[in-house]
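Dear colleague,

Please find the structure below, handed over for your own work. My notes on it follow directly after.

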Amino acid sequence: MKTIYDAIIIGAGASGLACAISAARSGKHVLVLEKNKKPGKKLYATGNGKCNLTNKLIDTRICYVSGNPDYERFLGAFFAGGDLCAAVCTFFNSIGIQTVALGDYVYPASEQASSVVWAMLDELKRFDVNIETSGEVTEIKKQDDLFFLKTASDTYSCKKVVLATGGKSYPSLGGSESGYELCKGLGVEMTDTYPALCGFTINKPAHFELLKGLRVKGIVSSVHASGLTVRREKGEVQFTEDGLSGIVCMNATCVLPSRLSLNLISAFSDDIADTFLAGAKEENGLYAGRFKDRTLIGFLNGYLPDKLCEYLVLTAGYERQTTCGELNSESLLSLIRSAADITFEINGLFGYEKAQVTAGGIDLSEVDPNTMELVNHRGIHATGELLDITGICGGYNLTFAFLSGIRAGVSL
Ligand SMILES: Cc1cc2nc3c(=O)[nH]c(=O)nc-3n(C[C@H](O)[C@H](O)[C@H](O)COP(=O)(O)OP(=O)(O)OC[C@H]3O[C@@H](n4cnc5c(N)ncnc54)[C@H](O)[C@@H]3O)c2cc1C
């Protein structure tokens with residue numbers, strides 16, 4: 001006779017493994033089906049191999065976005081009253097993983113993502129939970145009170161199903177449409193998806209090629225087409241061949257701006273420039289101070305990286321060889337200040353291959369935040385990235401994946 005499982009969890013990623021552990025601890029007989037050859041493939045790559053598990057500054061209102069305007073209520077109910085960071089740490093402590101905070105980011109004490117995967121798999125072994133790899137579920141059917149899950153080699157039956165299939169991002173680590181197809185087959189309400197936590201492609205202005213490879217700290221403002229600034233964050237911007245990346249830009253994908261406005265002299269006080277040039281000697285209306293024979297690029301290089309200086313000088317219409325003595329003090333100041341407002345028009349996102357997460361997914365109004373069960377599809381639960389809830393960089397996506405997995409697991 002074929003086994004009828006209490007539940008089958010589809011996906012052995014962050015949320016699926018956490019779900020399987022909590023279900024097994026609650027005495028449930030569960031099976032995990034994973035399409036990859038090995039479980040936890042994406043987890044190994046998280047946090048640059050260190051796995052940024054959670055964050056001390058977690059705040060549901062500012063760390064997550066969703067296409068559902070009611071998402072704060074969902075998260076409020078989901079996370080009700082608890083310290084989320086502590087909840088993640090307690091869970092990992094319970095499977096033998098000590099945690100360490102590097103700044104506000106929390107990692108396993110080993111600073112190795114592999115230690116997290118191994119501990120989760122060992123805990124599942126302790127409860128004899130089977131993980132069948134190379135087992136992509138392609139169809140879910142319900143008959144009477146049972147679900148039947150089809151893979152290429154077998155059909156499995158169970159009383160409950162957990163969709164822990166993650167998103168489309170990083171196909172090289174298992175990201176795919178597979179979970180969305182299953183949802184479509186079941187008639188689950190979904191919001192549009194798009195690649196998030198990746199870089200932006202831009203309409204490249206003249207001389208942009210000079211900036212390629214540059215990393216510079218500043219303040220990035222995300223501006224909507226209406227002109228409204230919807231997000232502002234300090235951090236490092238990375239200029240690539242096609243556009244802009246770095247954590248601040250990746251976070252900006254969560255609000256889908258039309259343009260990014262960079263203030264790259266924020267690291268310096270504007271006063272420095274003012275004090276330095278205020279009352280500077282002028283002759284015949286031109287700057288005649290001690291740097292009058294320096295090129296503009298050389299002069300700016302006292303404040304900013306050389307490639308950026310070259311870009312600013314050429315963009316302002318000066319020549320590479322133009323010297324400070326060819327401008328008046330006011331023009332010199334405005335050249336420095338131009339680094340405080342460099343605007344790039346966005347024309348796209350880097351794509352799922354380079355996106356850490358997929359934004360959009362199962363509409364939150366379909367999900368009971370207390371059990372992660374789909375309200376219109378009783379017996380089916382959904383966890384992690386497959387849902388329309390996206391965190392910024394810093395451990396927030398794994399926090400939601402782990403805690404939603406645990407939440408589903410105890411309620412099966
Ligand atoms: C490079 C990288 C670094 C990241 N670093 C961090 C970080 O440090 N901190 C952080 O918070 N977040 C990080 N993230 C995001 C985080 O990894 C994800 O949000 C998280 O793993 C989502 O968990 P999940 O369980 O929903 O999906 P996943 O972990 O993606 O797991 C889903 C699993 O389901 C399997 N699957 C899918 N469809 C099927 C099917 N039909 N049948 C069987 N199996 C199926 C997949 O193969 C996969 O193994 C990172 C992401 C990437 C790509």
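In strand 9, lysine 150 is the bridge partner of glutamate 139. This model is a predicted one, in which local features need pLDDT of at least 70, side-chain atom pairs count only at pLDDT 80 or more, and totals for chains, interfaces and linings use all residues. Residues are numbered from 1 along each chain as its sequence is written. Helices (H or I, at least four residues) and strands (E, at least two) are DSSP runs, numbered from the N terminus.

Strands 8, 9 and 10

Strand 8 (residues 139–143) and strand 9 run antiparallel and are joined by five bridges; two strands count as paired if DSSP finds at least two bridges between them. Together, strand 8 and strand 9 form a hairpin with two residues between them, and aspartate 144 in the turn has a positive phi of about 55 degrees. On to strand 10 (residues 155–163), strand 9 pairs in the antiparallel sense over four bridges, and here lysine 150 stands opposite threonine 155. Four residues lie between strand 9 and strand 10, which also form a hairpin.

In a regular strand the side chains alternate between the two faces of the sheet. Strand 9 (residues 146–150) shows such an alternation: Phe147 and Leu149 point to one face and are buried, whereas Leu146, Phe148 and Lys150 point to the other and are not. Buried means that 20 or more other C-beta atoms lie within 10 Å of the residue's own, exposed that 12 or fewer do, and partly exposed in between, with C-beta atoms placed from the backbone.

Strand 16 and its partners

The side chains of strand 16 (residues 259–263) alternate as well: Leu260 and Leu262 are buried and point to one face, while Arg259, Ser261 and Asn263 point to the other and are not buried. Strand 13 (residues 215–223) pairs with strand 16 in the antiparallel sense over five bridges, with serine 221 and serine 261 as bridge partners. Strand 19 (residues 342–349) is joined to strand 16 by four bridges and runs antiparallel to it; arginine 259 stands opposite glutamate 345 there.

Domains

The domain assignment of the chain, which is automatic or from a database, gives domain 1 (4–194 + 358–411) and domain 2 (199–350). The contact between them takes six residues from each of domain 1 and domain 2, where contact requires C-beta atoms, placed from the backbone, within 7 Å. The C-alpha centres of the two domains lie 42 Å apart.

Ligand shell and helix 13

The ligand is surrounded by 41 residues, the closest being Gly11, Gly13, Gly47, Gly166 and Gly384; a residue is near a molecule or strand if its C-beta atom, placed from the backbone, lies within 6 Å of it. By class, the shell has 16 nonpolar, 19 polar and six charged residues. Ala, Val, Leu, Ile, Met, Phe, Trp, Tyr, Cys and Pro count as nonpolar, Asp, Glu, Lys and Arg as charged, and the others, Gly among them, as polar.

Helix 13 supplies the largest share of this shell, four residues. Of the 16 residues of helix 13, 14 are buried. Its end C-alpha atoms (residues 396–411) are 23 Å apart, which agrees with the 22 Å expected for 16 residues at 1.5 Å a residue; the expected span is 1.5 Å times one less than the number of residues.

Yours sincerely

Key. Contact = placed C-beta atoms within 7 Å.
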